[in-house]
Amino acid sequence: MHTDPSHLPRRDLLALAATTGVALAGLPAFTAHATPERPDDTNSPSHMSSSRDTLWWQAPADDDSMIEQGLPVGNGRLGALASNDPGRELLLVTDATLWTGNLNDTLDADGQFPYDRDNFGSFTLLGKLTVDLPDHDLGAVSGYRRTLDLARGVVTTSYVRSGVTYQRQIFASRPDDVIVLHFTQSGGGRYTGTVTLEGTHGEGTHGEGTAVAFGAAFANGLKYGAAVTAHGTGGRVTVGGSRIDFAGCKDLTVVLSGGTDYAPDAAKGFRDPSLDPEQLARTKVRDAAAHSADTLLRTHVADHSALFGQFDLALGTSSDGQRSLDTWERIKARTETGDPDPELEAAYVQFGRYLMISGSRGSLPLGLQGLWLDGNDPAWMGDYHTDINIQMNYWMADRAGLSSCFDALTDYCLAQLPSWTDLTRRLFNDSRNRYRNSSGKNAGWTIAISTNPYGGGGWWWHPAGNAWLCNSLWEHYEYTRSRAHLEKIYPLLKGACEFWEARLLTTTLPGSSREVLIADSDWSPEQGPLDAKGITYAQELVWALFGNFCTAATELRCDNSAAARISGLRKRLYLPQVSPKTGWLEEWMSPDNLGETTHRHLSPLVGLFPGDRIRPDGSTPDDIVAGATALLTARGMNSFGWANAWRSLCWARLKDADKAYQLFVNNLRPSTDGSNGTAPNLFDIYELGPGDGAFQIDANFGTPAAVVEMLLYSRPGHLELLPALPDAWAKSGSVRGAGARGGFVVDLSWRDGKPTEVRIRSVGGRTTTVAHGGTSRSVTLRPGASVTLRDFAR
Amino acid sequence: MRSSPYSAMPVRTLRAAVVLALAAGAVTVAPVAHARPAAPTVSVAADAPAAKPYMGWSSWSMQSSKYPGLNPDGDYSYLTEANVTRQTDALAAKLKKYGYEYVNIDAGWWRDNAWKPEYDQYARQKADPKRFPHGMKAVADHIHAKGLKAGIYLPAGLEKEAFDDGRAPIRNTDGCTTADIVYSDLRTTNGWDSSYKLDFSRPCTQKYIDSQAQLIADWGYDFLKLDGVGPGSGKSGDQYDNVADVAAWHQAITATGRPIHLELSWSLDIGHAADWQKYSQGWRIDTDVECYCNTLASWENSVDDRWDDVPAWTRHAGPGGWNDLDSLDVGNGEMDGLTKAERQSYATLWAIAKSPLYTGDDLTRLDSYGLSLLTNKEVIAVDQGDTPPAHPITPSDPQQVWAAKNPDGSYTVALFNLADRPASVSAPWATLGFTGRAGVRDLWNHENLGSFKDRITEALPAHGSRLFTVTPHGSALDLTAHEAEASSNTLAGNASVADCSACSGAKKVGNLYLGGKLTFNDIVVPKSGTYQVRIAYVSGDARSAVVSANGGAGASHKFPSTGDWGTVGAVTVPLTLKAGSNTITFDSGNGYAPDIDRIDVPKSS
């Protein structure tokens, strides 16, 4: 059972953590943390990671290019983009919970939700930290280089100034709940400069003791605060007014923390009134600063690398020429030459994993920009978009060895559920809402296209959004077979089913006497008619939801009668047919194409991916597979970020390795001046207009998910090895730690396009077939046991 | 300083020799590296006019700015005796020892704050009594007293207000008046049409110029900026052809016996480069650098244009006459309206292009960074030394490398990042024509950075730069030439072979536009790697092409103008080639690409 630890006084909480060793991982709030477990010196991963897990650049970011060139760090809650400019280190600091807005429960005249930064709200910056080193102007240094060590979670900058080599490391520690900047040098150099911490909402910073800090509250009552301290050796560090001055220091350590009084509890209005964020930030930086920077680093690396190491990927060998290029040169060369760069391509996947480890642990889940911002007006509020984006953000987690990072999404949905239920009950059947249930019935819960962390929705109602969220949560159960997770999500599934039970309409298909159930008026995201009944998107998602609920009820041995009822409804659900006019799987219950042929969304293909009702394995009628393939073909190969990633995943499901790979490669195209593609820092950029690009993190997760999907297909009871292995990676490669639905983890090696060895570990699964080409094996395992198979190459 | 009257004859002969040498260089191109003019080796006597680009200060930047407080009595009211004196004193105190010597009074000295002019009885400009209560000679005298040289300004033609209904007498003539020196139809001329065009077929016209020249010589001026000169100054056609004016000024100045530096402005027509070289000591290649805004300049207004506009002119610069990039407003960041990086890049381009170095800043308010930029002796030496101007050796992409081969075998190498965000910029030694190691000295930072193998790469801020002296320790790069016109190449679209006397093989491939494509087949290299491929091309304006190898997407590069359609230039682009046979393609895409003479592929990567 999920216990809410916030009921306990903090002292008890600490004691609990200390005695049980239970990390407070599931606590999405800025609170006192358990005493970090410190690795001993002899056994610490203090050395650099291998070069293939290290990205590097030969230029920093500046204030105006942070979203394309800033390097992200984060401890799952507290994050920053770092400029790494020698003369002016700038960190744009974020806390995942620093949202404006509120419940937003006054509908607009059309029965839909306001979508603005005041009522719905927006994700915003916590503050800006700068470390100015006036003598280290970029124009005066040479040999500049910075690296992002994905495996250790450390950003390192080095350069030479007047014969002295200077180095700084930046990391965001989860165990110590701080961001650390450690400045060192060799060759007799000294650091002289200023540390400044500023809010971005007009807060006043003040020094007190050894730290400077600020604290304030939004109009919505959210309290927040941040603090920074610094210490050095060999020089002077003085806190004065709103800044910290340092002079003549041989080395310098800067420690920052901050957060809000957000609490994931609708009953308490999503606040913890006992929290004083500024004071807590001061305490955290003081406590962390009591340890050496090396100790903080070792503690952080042990924590980060444990998660990072759960998955490994090798897609082949790159050339010496490719290896000699920095990451940005390499991204450009990948497109300019057209030559595969297998190590870069694997590193792109690992970068996605790095972002997830840094951005999705113990707080709110990853929104449109994850944990990273360059201002307070992110595109689409940096919110949770429920019609593809938040789902895509988590497609990678289980596939790529980061199941624990998925919990933030689960916890979010659970915390929002009371509010979502309340809003649905009070507002969904508002007579002005074109999507209301025409039956007049109303039950369960649903959401809007956008959601915020205060239980509120934004933009338009999104009836089928509940089903898609539930299906995502369900898939996590399929990967992990975690009974605890199943119990947590069961109320969400049940409420969503209740919603659809009230909403489905009975209709008789034209030209037949067949009665079917269809979804009431809805909008196939985000195109075509606004009031279409029985859209494929809703039919597929509800069909999957009902099935998942029935399985859940069976496994939990509860709600037998409800499950039977839902099972009955499921059998009557209308499922899409192929248009005789276009040859495509229909998006609307119409033979006509009512939208854009190459529209970004693949909503009518949710049954192909992420669902798997449509399978090219003979179990699905050929005409349906052909119709889905024709529709996917018509949607085209030339979209952007998440739309390419989704297409790639669908082609991987259809075992078309060339197309799946080409779409992956399309997302690697360098983004220049805001064009679609990959920025120097590997963030995916979506072109809003000429010269204007927005960071949209979904492709950074969806694209890696596609890579894994090309290597391993899974559904409960069935694994397929290398279903869509592209020629570029065929020569040899391996993946270790790939999650498989059904409760397995797979290590797989291949050579010349064929599996050479596969090790299957059960994390709860028992029986599965393992197939490649025409070969299929059946495997039965106890949870925790593993088996290695070697005979697929023949 | 100069004891003997200055004679124009030796100078003209000298310049002719230089021009000839350059022309000879241009037709004997064999290796592309030599297509660029060799460093002029003719040494010019130190007292010859414009042996080096001049250095100093000009009043116009502050006059033209709306920066608070500069022009309190209306637009352009900054120009006064008091202000010129103040700047003279500051120049003498702070910058003179670094070589800055000219104090140049720009437009308006004969006009009041309402821009109403004053003329003497001979239709010659006369000091506005409010601006210059002691007259123009007194200012020059003060400038000279500080050991500096004095500059003054005039527009081309007979100013309309000086015409005086054609009644004003022309000095030293037998009754000629202003009516006798212009065209009967009173056609206007110069960049603002503010003057009547002078008719030099009429006998008194030269006398008018002589009288003006004599006046400024009598006042003691050492420098004249003649402004609004065409073709140029935004004008073309016979009406705006002021070559005769410039020739008349040259003759008139010579006749005064006083060495007066003649500088022409603005955006002079490159097609007349030979005329400007013949008659003047410098010519503005571009529009004003000033922004006419709340600062003196701004990066986007026109500072950044210079990187595109200079290359066409580079070969025309040399002792006796220089490409003038306009004022160097880098002395006070706030007033200049530029970042530190932009100011350094501005100064770097001016120095390597060997532009005159005259600042338009308020010399009484230089900030410490500005002072360090204006007084960096190593950078000044690049501008003033016996080295040729630098030329882009990579395409005019946002990241650029410019270089000049110095007489001592070293290279002056500038890295530029013209992008709006930081970027690394690399200068592979192969683009300079050698391989192995080289020593690098950082001129801005006065620091030897050490020995670098194959290349130097530095992180540059947005609009940033670095400036190095690179001393090769390796060996010359071995190249294999591939002619564009070779029959083994594939032409697509309208692409066709054309004659080109300056090109190797006397042929090139042109008509590369709107889908026109040139593919070199069978480019064989011994091993896989990135090759710095040199492209010899002809382009009368800046044009782009997508250059790719082996069917990859390639990259679009902008090729700087070579100045005209008869001059070959060369830049180097990196291409990833495979061991064995490769193709290299130039694709015009949806635009217009330069004509290609040939490519030179290194024998090793």
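Helices, here runs of at least four residues, and strands, runs of at least two, are DSSP runs numbered from the N terminus.

**View 1. Overall make-up of chain B in this predicted model.** Counted in this way, the secondary structure of chain B amounts to 14 helices and 32 strands. Because its radius of gyration, 25 Å, is close to the 25 Å that the globule rule gives for 605 residues, chain B is as compact as a globular protein of that length. Measured out along its principal axes, the C-alpha trace of chain B spans about 80 × 50 × 45 Å.

**View 2. Burial and contacts within chain B.** Of the 605 residues in chain B, 57% count as buried. Among the contacts in chain B that link residues at least 6 apart in sequence, 73% join residues at least 24 apart.

**View 3. The packing of helices α10(A) and α12(A).** In chain A, helix α10 (residues 407–428) packs with helix α12 (residues 483–503) at an angle of about 25 degrees, and their axes lie 10 Å apart. Since angles under 35 degrees count as roughly parallel, α10(A) and α12(A) are therefore roughly parallel to each other. The crossing in which α10(A) passes α12(A) is left-handed.

**View 4. Residues where α10(A) meets α12(A).** From α10(A), the residues A:T410, A:C413, A:L414, A:L417, A:T421 and A:T424 take part, and they meet A:H485, A:K488, A:I489, A:P491, A:L492, A:G495 and A:F499 of α12(A). Sorted by class, this contact of α10(A) with α12(A) has seven nonpolar, five polar and one charged residues.

Methods
Residues are numbered from 1 along each chain as its sequence is written. Chains are lettered from A and ligands numbered from 1 in the order in which they are written. This is a predicted model: local features need pLDDT of at least 70, side-chain atom pairs count only at pLDDT 80 or more; totals for chains, interfaces and linings use all residues. The radius of gyration is taken over C-alpha atoms; the globule rule is 2.2 Å times the number of residues to the power 0.38. A residue is buried if 20 or more other C-beta atoms lie within 10 Å of its own, exposed if 12 or fewer, and partly exposed in between; C-beta atoms are placed from the backbone. Two residues are in contact if their C-beta atoms, placed from the backbone, lie within 7 Å. Axes are lines fitted to C-alpha atoms, for helices over the stretch in contact, and angles run from 0 to 180 degrees between N-to-C directions. Angles under 35 degrees count as roughly parallel, over 145 as roughly antiparallel, 65 to 115 as roughly perpendicular and the rest as oblique. A crossing is left-handed if the near helix is turned anticlockwise from the far one by less than a right angle, and right-handed if clockwise. Ala, Val, Leu, Ile, Met, Phe, Trp, Tyr, Cys and Pro count as nonpolar, Asp, Glu, Lys and Arg as charged, and the others, Gly among them, as polar.
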